Amino acid sequence: MTQLDRLDISILRYLQENSSISIQDLGAKVGLSATPCWRRVKRLQNEGLIRKQVALLDAKLLELDVNVFVHVKLTEHSDEVLKMFEESVANIPEVVECYSVSGDTDFLLRIVVADVATYETLLYKKLIRLREVGTLNSMFALRQVKYTTELPLAPVTAPR
């Protein structure tokens, strides 16, 4: 695992808040000049800690108002069936998150659509047609209480 110091953590925190911040402004916030700050950002990218920088879109303004959480139970648990399912959901744009989970179901999907009718179409035209799917259980989010893309970075303590 990569060793991160307080400057690295500070850089990651600021970039999580605003990835379009200039290197000069980022450096000023963390106490570095532009060149050393740029080198640290490049190292964090090269080491895979910064995977990519994206724009976060407002789902409501795009009229994508419905979040559906779908519990999926597969017909069987062979490597082939698991791989087929994972490849299938990777190709459905409305599936924005997919987790392999423990418990009574095998996967949890988060699906974002404009309305319930759109989800119903997706359900009947795509999801239940996947041969590897045994059962689906859909839950509609009533209200989003918390949403963040920022990971909880632990504070760095000084070495003893």
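**Figure 1. Pairing of strand β1 with strand β3 in the predicted model****.** Strands β1 (residues 66-74) and β3 (residues 107-113) run antiparallel and are joined by seven bridges. Within this pairing, V66 of β1 faces V113, which belongs to β3. The model is a predicted one, and the views that follow are taken from it.

**Figure 2. Pairing of strand β1 with strand β4****.** Strand β4 covers residues 133-140 and runs antiparallel to β1. Seven bridges connect these two strands. One position may serve as a guide to the register: V72 has L136 of β4 as its bridge partner.

**Figure 3. The tilted aromatic pair F85 and F107****.** Two aromatic pairs are present in the structure. In the pair formed by F85 and F107, the ring centres are 4.6 Å apart and the planes meet at 45°, a tilted arrangement. The two residues come from distant parts of the chain: F85 belongs to helix α4 (residues 79-90) and F107 to strand β3, with their positions 22 residues apart in the numbering. F85 has a relative accessibility of 1% and therefore counts as buried. F107 is likewise classed as buried, because its relative accessibility is 3%.

**Figure 4. The edge-to-face aromatic pair Y119 and F140****.** The ring centres of Y119 and F140 are separated by 5.5 Å, and their planes stand at 90°, so this pair is edge-to-face. Y119 is part of helix α5 (residues 116-125), whereas F140 is part of strand β4; the contact therefore ties together parts of the chain that are 21 residues apart in sequence. Y119 is buried, at 3% relative accessibility. F140, by contrast, is partly exposed, at 37% relative accessibility. The cut-off for a buried residue is under 20% relative accessible area, so Y119 at 3% falls within that class, while F140 at 37% is assigned to the partly exposed class.

**Figure 5. Salt bridges of R40 with D5 and D8****.** The structure contains six salt bridges. In the salt bridge between D5 and R40, the closest N and O atoms lie 2.9 Å apart. This pair links distant parts of the chain, since D5 is in the segment before α1 (6-17) and R40 is in helix α3 (residues 34-46), 35 residues apart. D5 is partly exposed, with 31% relative accessible area. R40 also forms a salt bridge with D8, at an N to O distance of 2.8 Å. Because R40 lies in helix α3 and D8 in helix α1, this second pair ties together parts that are 32 residues apart in sequence. D8 is buried, having a relative accessible area of 2%.

**Figure 6. The salt bridge between E47 and R43 and the network to which it belongs****.** The side chains of E47 and R43 form a salt bridge with an N to O distance of 3.4 Å. E47 counts as partly exposed, at 37% relative accessibility. R43 is also partly exposed, with a relative accessible area of 27%. Side chains of opposite charge can pair when their charged atoms come close. In this model, D5, D8, R40, R43 and E47 are connected in a network of salt bridges.

Note on methods:
Residues numbered from 1 in each chain as written. Predicted model: local features only at pLDDT ≥ 70, side-chain atom pairs only at ≥ 80, totals over all residues. Heavy atoms only, no water. Pairing = 2+ DSSP bridges. Helix = DSSP H or I, 4+ residues; strand = E, 2+ residues; numbered from the N terminus. Phe/Tyr/Trp six-rings, centres within 6.5 Å; stacked < 30°, edge-to-face > 60°. Buried < 20%, exposed > 50% of the residue type's maximum accessible area, 1.4 Å probe, protein only. Salt bridge = Lys/Arg side-chain N within 4 Å of Asp/Glu carboxyl O.
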